[in-house]
Amino acid sequence: MFQRRIVGLEAGLACAGASALASQVLLLREFLNVFGGNELVIGTILAGWLLLTGAGSFLGRFASRLPTPRLWVATLVLCAGALLPVQLAVIRLLRSHVPPGLAPGVSDAIFWSSVVLLLPCAINGFLVPLCAHLIREAGNDTAPGRSYLLDSAGAAIGGAASVTMVILLGTFEAASVVICIAGIGAALVMLDPPTRRRASWLLAAVALASAVTLMASRADLRSARWLFPGQELLWQRDTPYGHLAATRYGSQLTVHQNGLPAGSMDDIARAEEIVHCALGHRPNAHDVLLLSGGLLGVVREAAKHPATTITLIEPDPAVLDLIAAIDPAARDGRVRLIAGDPRAFVACHQDSFDAIVSALPDPLSLGANRFFTVEFFREAHRALRRGGVLAIGLGAAENLSTRWDVGALASVASALRSVFPNVAAIPGARVRIADSDAPLESRVDRALIDAGIHAIYVNPAWFSERLSPDRIDALARTMGSPAPPNRDFLPAAFAATASKWIAMGGGQWLLAVGAALLSCAVVALVWFSQERAVSAAIGASGLAGMGIEVVTLLTFQISRGSLYLHVSAILSAFLAGAALGGLRGCRATGRPLTNLLSTDSALACAALLAPPLLGFVHSHLPASAPGWVAAAPFALFNGLVGFLVGAQFQPAASAIMSPSRSNAATATGRLYGLDLLGGALGATAVALIMIPSLGLAATCYLIGALKLCTATCLGVRRLRSPSQATAPDSPRWAFGLMLCALALTGVLIVGDETSSAVGAIAGSRLYHGFALALLAVAYLDAMGMPPWQFPRVPRALAVLGHPRVFRWVQFLGLGLVAFYPMFRCFFKVPYVFCHVCPRQCVFGYFRPYLVPGALLMNLRARHWCQHTCPVGSLLHCQGGGRRAPRWLLAVPLVIAGLCAWAWFRVRADAEIAVEGAGPWFQFFFKNGFTFSAGVLVAAAAIVLLGWIWRRAFCSGICPIGGVSELFIRCERWLNDRERLRGER
């Protein structure tokens with residue numbers, strides 16, 4: 001219940017959360033700016049932020065010892081906000097000690113983040129348990145959940161506000177707004193009686209004076225000069241896409257983007273190399289598209305060719321304004337300057353260009369990697385006219401290539417060969433690769449001379465040195481090395497380039513040791529806690545929430561490449577969801593272990609469903625959709641994950657906190673710290689280790705498997721709890737185990753490395769004989785002749801006849817048969833069209849025996865559905881929900897009729913032609929034994945529906961169950977009729 005005398009305290013805690021998240025966004029953008037826009041830094045900074053905040057949260061056990069806790073809260077809120085401009089200045093000061101033109105390494109990112117974030121993060125972590133202690137003293141029994149709710153709600157508001165600040169204000173101007181928010185929060189804390197209100201006015205005045213002083217000091221411009229020592233800063237500007245600056249050194253004008261040189265008017269050789277190595281293959285190209293590179297002078301070099309139109313597309317409109325101001329070639333009538341996403345622009349134009357020239361950076365980030373994948377090359381191939389050429393550049397080495405260079409080049413070359421039949425490359429420090437569906441020039445220099453195009457540096461002598469036979473052969477061997485093609489969700493080139501960046505910065509051992517130490521710390525904290533299952537669930541939820549959040553952010557980066565602009569919105573969605581989840585946890589005060597188990601299982605399902613759902617959004621999102629529309633589905637999914645994480649906090653606190661003791665600060669500090677430490681481990685492991693090594697999908701599957709394990713432990717803990725133990729006959733504790741087994745089976749079936757082995761097992765005669773024997777035993781049991789009751793039956797077989805044991809035997813033995821089509825099938829709707837399947841799976845093989853046997857077994861009180869069916873066993877163990885309404889029993893009959901109609905319709909269409917010319921066959925047939933995200937989503941929806949209606953699938957969807965129920969009802973009606981006749 002809302003307590004009147006702590007209104008100011010709760011509002012102040014919300015303001016503290018708002019200022020903390022706004023500070024996090026501004027600091028994250030600043031780190032990205034000075035680290036060259038490499039989003040691998042996101043994982044490093046988030047890990048440091050969460051680790052240090054978690055350390056501060058563990059200090060919350062001392063909150064009850066403070067003499068004037070409310071004054072401490074007000075002071076700490078104001079100090080945390082006031083430290084933001086100091087942090088920003090320290091980042092820029094540290095960056096000034098790195099030689100100009102070099103990007104700091106991962107070890108620098110770890111060290112810098114530790115120095116910059118230490119004190120403010122410790123303060124923010126300590127505030128949550130401190131406020132929980134005060135809220136508990138006011139008589140609120142849900143103090144841990146309420147403090148978590150207020151902190152998350154304030155953070156969501158701060159994230160939404162930071163979106164506006166990023167667009168409209170400079171970095172230090174936004175920092176002054178954060179100081180004002182912190183000052184308001186500190187003042188609100190001191191408004192509650194019996195504190196003095198003069199203190200609140202004093203704190204607000206101090207914050208306002210600090211903000212005004214900061215805005216008047218022109219700190220943005222002064223500190224920006226530190227980034228370019230020895231150079232004259234002419235102009236600098238923060239844009240939603242990064243930081244731009246123009247400097248002069250002597251007579252040389254250089255433009256810097258995110259702290260690195262993006263172009264110089266004197267760097268003619270680089271611009272010539274980009275343009276002429278590409279257009280030399282098509283000197284008479286009419287329509288040329290330039291993907292970025294305007295600051296390098298590519299427009300000037302492209303204008304030397306007799307092109308009709310020259311289109312330059314840049315993501316940042318401020319870059320185009322700068323190009324139009326400093327490059328005279330941009331005023332050529334043939335030149336068009338367009339602001340937008342280069343990949344979306346290519347996808348929206350089909351058969352429009354004769355040449356596409358990419359000047360985009362190496363795939364050191366997923367935002368850059370998306371321009372070196374099979375998917376992008378296919379879009380570029382569609383945008384080119386017949387005989388058009390695509391040209392890209394990729395960093396390598398002049399003489400000695402490292403294994404990372406070989407991996408990146410080979411994976412990109414493999415992706416190119418899968419799309420373009422002709423690929424030609426020019427070796428060098430940056431390999432220039434041209435691709436086309438028509439033959440390419442063997443000597444580009446001669447083609448340029450014949451076309452009358454003369455370059456200063458890229459001349460015949462330059463080509464002769466680059467095209468020497470030994471260098472050509474070495475490059476051919478490198479590009480021909482076996483490597484998987486680079487893809488959006490399997491970024492092999494990004495993995496190689498990122499590994500090189502981490503190794504060059506000396507961070508590979510630092511990451512491994514740091515992740516190992518952090519894992520040991522989390523395991524130790526869980527092991528020495530009183531409630532290990534609850535603590536493990538909270539720590540793993542922090543890891544899962546942060547891991548899925550990073551995956552969502554990077555997937556959006558792959559889809560749109562505008563992480564700078566929309567990172568605040570996606571982060572705010574997670575925190576808004578966490579706030580709603582915290583509210584739900586505070587209201588659901590009864591049966592905490594049950595609530596914790598349900599949200600833990602749902603979080604596991606969210607992790608397992610993340611790859612197909614995000615992949616579906618990525619592949620079906622229109623390229624012309626505005627950025628905020630494109631970000632909406634990612635934000636919604638992130639908000640759902642945040643809701644599941646936030647809903648666990650108060651149930652977990654109720655499970656470990658004794659109602660008779662006032663230990664709210666200790667419980668809050670422990671759980672909040674575990675949540676943040678798990679998040680730190682997730683940010684480190686997911687962003688810097690798992691995604692570069694395994695890809696996005698495998699990372700999510702591992703996270704889902706971890707959450708299934710913690711859900712299983714919670715199920716066992718719940719079964720042993722006297723206050724929450726269910727009836728002895730209720731098998732709901734086994735739901736987590738069955739769901740874990742199902743998820744593991746699905747991962748093995750879907751995985752490219754394991755699918756063939758699972759298929760071989762499912763198709764073996766040994767497994768077929770074993771499954772048929774299980775069906776026979778189940779049939780004998782249904783007919784009243786169970787084998788374990790035969791004379792001279794071994795005792796072990798009699799034990800297997802126990803109903804609970806027999807259910808598990810049937811689930812594990814027949815689970816592969818029942819669930820295989822759910823993960824791989826030739827048809828969009830599984831289980832129905834096995835009669836026309838070109839290659840039947842194990843279910844298709846067993847269907848002639850399974851369906852009649854199930855119908856016969858169901859004649860005896862639905863024995864198949866109640867005791868043998870793997871799907872029925874899973875839903876039976878799920879428990880929960882109320883009895884299905886009577887109208888729902890008619891739905892399976894309708895579905896059975898539709899299946900029968902589709903059976904004959906598709907069979908007739910399949911007989912029209914060998915390849916299935918009929919429209920219904922073509923509609924349902926996928927032309928491949930593949931995984932379908934829609935089927936998995938439908939399965940998850942059925943499981944969720946089981947929480948509303950008990951055994952919803954068996955009662956309202958399954959045709960076997962519906963037909964069996966009809967027979968049983970008819971039998972009951974006939975028996976009742978005979979009984980009435982006998983009574984008469």
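Accessible areas in this account come from the Shrake-Rupley method with a 1.4 Å probe. On that basis, the accessible surface of the protein chain comes to about 40,900 Å², and carbon and sulfur atoms contribute 64% of it. The structure is a predicted model, and the values given here are computed from it.

The overall architecture may be considered before its details. The protein chain has 984 residues, of which 56% are buried. Its secondary structure consists of 41 helices and 13 strands. Among the contacts in the chain with a separation of 6 or more, 77% are between residues 24 or more positions apart.

The aromatic residues offer a way into the structure. A search of the whole structure yields 13 aromatic pairs. One of them joins F345 and F353, whose ring centres lie 6.3 Å from each other and whose planes stand at 40°, a tilted arrangement. Both F345 and F353 are buried. Elsewhere, ring pairs connect a cluster made of Y820, F826, F827, F833, F924, F925 and F929. One member of this cluster, F929, also has a charged partner: the charged end of R839 sits over the F929 ring, at 4.9 Å from the ring centre.

Attention now turns to helix α41, which spans residues 959-983 and contains I960. The relative accessibility of I960 is 21%. Because buried means under 20% and exposed means over 50%, I960 counts as partly exposed. Beyond its neighbours within four places in sequence, I960 is in contact with V851, A854, L855, N858 and W864. A further spatial relation involves P892, which is 68 residues from I960 in sequence, while the C-alpha atoms of the two residues are 8.0 Å apart.

The surface also carries a nonpolar patch of about 540 Å², formed by Y779, M783, M785, L856, L859 and F967. Y779 belongs to helix α31, which covers residues 765-782, and F967 falls within the residue range 959-983 of helix α41. Is Y779 buried or exposed, or does it lie in between? Its relative accessible area is 32%, so Y779 is partly exposed. This value also bears on the patch, because residues in a patch must have over 30% relative accessible area; Y779, at 32%, satisfies that requirement.

How values were computed. Residues numbered from 1 in each chain as written. Predicted model: local features only at pLDDT ≥ 70, side-chain atom pairs only at ≥ 80, totals over all residues. Heavy atoms only, no water. Patch = residues over 30% accessible without salt bridge, like charges linked within 9 Å, V, L, I, M, F, W, Y side chains within 5 Å. Salt bridge = Lys/Arg side-chain N within 4 Å of Asp/Glu carboxyl O. Helix = DSSP H or I, 4+ residues; strand = E, 2+ residues; numbered from the N terminus. Buried < 20%, exposed > 50% of the residue type's maximum accessible area, 1.4 Å probe, protein only. Phe/Tyr/Trp six-rings, centres within 6.5 Å; stacked < 30°, edge-to-face > 60°. Lys NZ or Arg CZ within 6 Å of the ring centre and 35° of its normal. Contact = heavy atoms within 4.5 Å.
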